[in-house]
Amino acid sequence: MDWKSSLEALKAEMPASPHEEAEAVPAETSAFPATEKARLDIILDKKGRKGKAATIIAGFTVDDTQIEDIARRLKQRLGTGGSCRGGEILIQGDKRREVAEALASFGIRNRII
């Protein structure tokens, strides 16, 4: 028996690691179930920013950690900056359409105001 066969035999006897179980669930299917019932408002705001536009997402009914997770995923997907404060997400620039499409792909209902 060579070393590869021995290694495969040992691997078959070992219990599954937590990392293997976590990889079994795709990232996009683990949507945000608590936000499915709520409808988020997507607003364009220019006040207090020296004329620069910012897209505001408001109307969350979930805790701050989920809002931060949604904000992080939105910023990565859109390739832009932003922040999360006071139950709202701020995305830099006029990204209303892109935000609406991204939220819809996450399984979150939304409307542009």
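Reader: Let's start with Arg111: is this residue buried, partly exposed or exposed?
Author: Happy to, bearing in mind that this is a predicted model. The relative accessibility of Arg111 is 42%. Buried would need a value under 20% and exposed one over 50%, so Arg111 counts as partly exposed.

Reader: Which residue meets the side chain of Arg111 in a salt bridge?
Author: Look for a carboxyl group, because a salt bridge here pairs a nitrogen of Lys or Arg with an oxygen of Asp or Glu within 4 Å. For Arg111 the N to O distance is 2.7 Å. The partner is buried, with a relative accessible area of 18%. That partner is Asp41.

Reader: How many residues apart are Arg111 and Asp41?
Author: This pair links distant parts of the chain. Arg111 belongs to strand S5 (residues 109-112), whereas Asp41 belongs to strand S1 (residues 39-45). The separation along the chain is 70 residues.

Reader: And which residue of S2 is the bridge partner of Asp41?
Author: Here we move from side chains to strand pairing. S1 and S2 run antiparallel and are joined by five bridges. In S2, Asp41 is matched with Ala58.

Reader: What is the distance between the closest N and O atoms of Asp45 and Arg49?
Author: These two residues form another salt bridge. Asp45 is partly exposed at 22% relative accessibility, and Arg49 is also partly exposed, at 26%. Their closest N and O atoms are apart by 2.8 Å.

Reader: Which helix holds the salt bridge of Arg72 and Asp69?
Author: The side chains of Arg72 and Asp69 meet at 2.4 Å, N to O. Arg72 has a relative accessible area of 41% and Asp69 one of 25%, so each falls between the 20% and 50% limits and is partly exposed. The two residues are three apart, about one turn of the helix, and that helix, residues 64-78, is H3.

Reader: How many salt bridges does the model have by this rule?
Author: We have now visited Arg111 with Asp41, Asp45 with Arg49, and Arg72 with Asp69. These are among the full set, whose count is four.

Reader: Lys50 caught my eye; what is its phi?
Author: Lys50 lies in the loop between S1 and S2. At 84% relative accessibility, Lys50 is over the 50% limit and so counts as exposed. Its phi is positive, although the residue is not a glycine, and the value is near 55°.

Reader: How many residues of strand S2 are buried?
Author: Take the two faces of the strand in turn. Ala54, Ile56 and Ala58 point one way, Thr55 and Ile57 point the other way, and all are buried. S2 is therefore largely enclosed by the rest of the structure, and its buried residues number five of the five.

Reader: Which residue in S4 stands opposite Thr55?
Author: S2 pairs with S4 in the antiparallel sense, over four bridges. Within S4, the residue opposite Thr55 is Ile91.

Reader: Which residue in the turn between S3 and S4 has a positive phi?
Author: Strand S3 (residues 82-85) and strand S4 (residues 88-92) run antiparallel and are joined by four bridges; Ser83, for instance, is partnered with Leu90 in S4. S3 and S4 form a hairpin with two residues between them. The turn residue with a phi of about 60° is Gly86.

Reader: Which element gives the largest share of the largest nonpolar core?
Author: That core has 18 residues, and Ile57, Phe60, Leu74, Ile89 and Leu103 touch the most other members. Elements giving two or more residues to this core are S1, H3, S4 and helix H4 (96-105). Leu74 shows the contacts well: beyond four places in sequence, Leu74 touches residues including Ile57, Ile89, Val99 and Phe106. The largest share of the core, five residues, comes from H3.

Reader: Finally, which backbone oxygen does the side chain of Asn110 reach at 3.2 Å?
Author: Asn110 is in strand S5. A polar atom of its side chain lies 3.3 Å from the backbone oxygen of Ile108. Asn110 also touches Arg39, Leu40 and Ile42, among others. The backbone oxygen reached at 3.2 Å belongs to Ala100.

Methods. Residues are numbered from 1 along each chain as its sequence is written. This is a predicted model: local features need pLDDT of at least 70, side-chain atom pairs count only at pLDDT 80 or more; totals for chains, interfaces and linings use all residues. Side-chain values use heavy atoms; hydrogens and water are left out. Buried means under 20% relative accessible area, exposed over 50%, partly exposed in between (1.4 Å probe, protein chains only). Two strands pair if DSSP finds at least two bridges between them. A polar contact is a pair of N or O atoms within 3.5 Å; within protein, one must be able to donate a hydrogen and the other to accept it, and residues adjacent in sequence count only if both atoms are side-chain atoms. Contact means heavy atoms within 4.5 Å. A nonpolar core is a set of buried Ala, Val, Leu, Ile, Met, Phe, Trp, Tyr and Cys residues joined through side-chain atoms within 4.5 Å.
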